[in-house]
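The exercises below concern charged pairs, a helix and its core, and a strand pairing. Please work through each task with the structure in view before reading its solution.

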Amino acid sequence: MELITIFLGFSFLVHGALGSGEIVCEDLSVGMCAYSVASSGKRCSLESYESIEGRRGYQCKTSEVLVSNIGITNLIESDECISACGADRNSLGISSDSLLESTFTSKLCSQQCYQKCPNIVDLYYNLASGEGMYLPAFCKGRDLNGRREMSQIQSSGVACAPSAASTALTLEADVP
């Protein structure tokens with residue numbers, strides 16, 4: 001009962017802080033940015049910048065990466081899912097690099113994440129697809145022989161928006 005009260009309190013706090021309940025990435029705090037989804041269906045991305053004084057700062061920006069699951073919009077990912085999936089709220093940008101880390105993929109493929117955190121699974125499903133990998137088969141194969149499955153990933157490091165993906169592949173193909 002106490003957990004429900006805390007959850008409802010947090011929900012009202014987030015709703016009240018955002019006014020109309022519409023999530024705009026640029027309005028989110030740095031600590032709530034990563035793994036959030038704007039009302040537009042675009043993913044929020046934590047980005048760094050250098051100020052005029054030469055100091056590094058961080059800001060939340062709207063990426064061009066759309067969530068493929070139409071039911072996932074207007075979402076600030078829960079701390080429970082961040083923890084269950086091994087995600088990090090301080091992650092800069094959107095990258096498939098985490099898929100190369102066995103500790104991360106172990107948590108991503110766990111029942112607690114894979115069955116209960118569709119936003120994070122959707123993100124990494126699409127990132128894995130961009131690397132030529134099918135996440136459900138990867139998670140299943142990981143249990144059998146994780147090292148071999150992980151060697152199939154050749155991370156480019158950066159996620160492209162769907163419209164830019166073909167351009168990025170063309171550019172990579174042209175590099176000797």
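**Exercise 1.** In this predicted model, decide whether arginine 43 is buried or exposed, and then find its salt-bridge partner.

*Solution.* Arginine 43 has a relative accessible area of 2%, and because buried means under 20%, arginine 43 is buried. The next step is to look for a carboxylate, and the side chain of aspartate 122 meets that of arginine 43 in a salt bridge, with 2.9 Å from N to O. This pair links distant parts of the chain, since aspartate 122 lies in helix H6 and arginine 43 in strand E1, 79 residues apart. Aspartate 122, at a relative accessible area of 9%, is likewise buried.

**Exercise 2.** Establish how many salt bridges the structure holds, and describe the accessibility of the residues in the remaining pairs.

*Solution.* The structure holds 3 salt bridges. One of them joins glutamate 64 to lysine 42, with the closest N and O atoms 3.2 Å apart, and it connects strand E2 with strand E1 across 22 residues. Glutamate 64 counts as exposed at 51% relative accessibility, while lysine 42, at 24%, counts as partly exposed. Another joins aspartate 79 to arginine 89, with the closest N and O atoms 2.9 Å apart; aspartate 79 belongs to helix H3 and arginine 89 to the loop between H3 and H4, 10 residues apart. Here aspartate 79 is exposed, with a relative accessible area of 54%, whereas arginine 89 is buried, at 12%.

**Exercise 3.** Check the length of H6 against the expected span, and determine what H6 gives to the largest nonpolar core.

*Solution.* At 1.5 Å a residue, the 13 residues of H6 should span 18 Å, and the end C-alpha atoms of H6 are 18 Å apart, which agrees. The largest nonpolar core has 24 residues, and Ile120 and Tyr124 are among those that touch the most other members. Helices H3, H4, H6 and H7 each supply at least two residues of this core, and H6 gives the most, with 6 residues. Among the buried residues of H6 are Ile120, Val121, Leu123 and Tyr124. After the helix comes glycine 132, whose phi is positive, near 80°.

**Exercise 4.** Determine how strands E1 and E2 are paired, and what joins them.

*Solution.* Strand E1 (residues 42-50) and strand E2 (residues 56-66) run antiparallel and are joined by 8 bridges. Glutamate 50 has arginine 56 in E2 as its bridge partner. The two strands form a hairpin with 5 residues between them, and in the turn glycine 54 has a positive phi of about 90°.

Methods
Residues numbered from 1 in each chain as written. Predicted model: local features only at pLDDT ≥ 70, side-chain atom pairs only at ≥ 80, totals over all residues. Heavy atoms only, no water. Core = buried A, V, L, I, M, F, W, Y, C linked by side-chain atoms within 4.5 Å. Buried < 20%, exposed > 50% of the residue type's maximum accessible area, 1.4 Å probe, protein only. Helix = DSSP H or I, 4+ residues; strand = E, 2+ residues; numbered from the N terminus. Expected span 1.5 Å × (residues − 1). Pairing = 2+ DSSP bridges. Salt bridge = Lys/Arg side-chain N within 4 Å of Asp/Glu carboxyl O.
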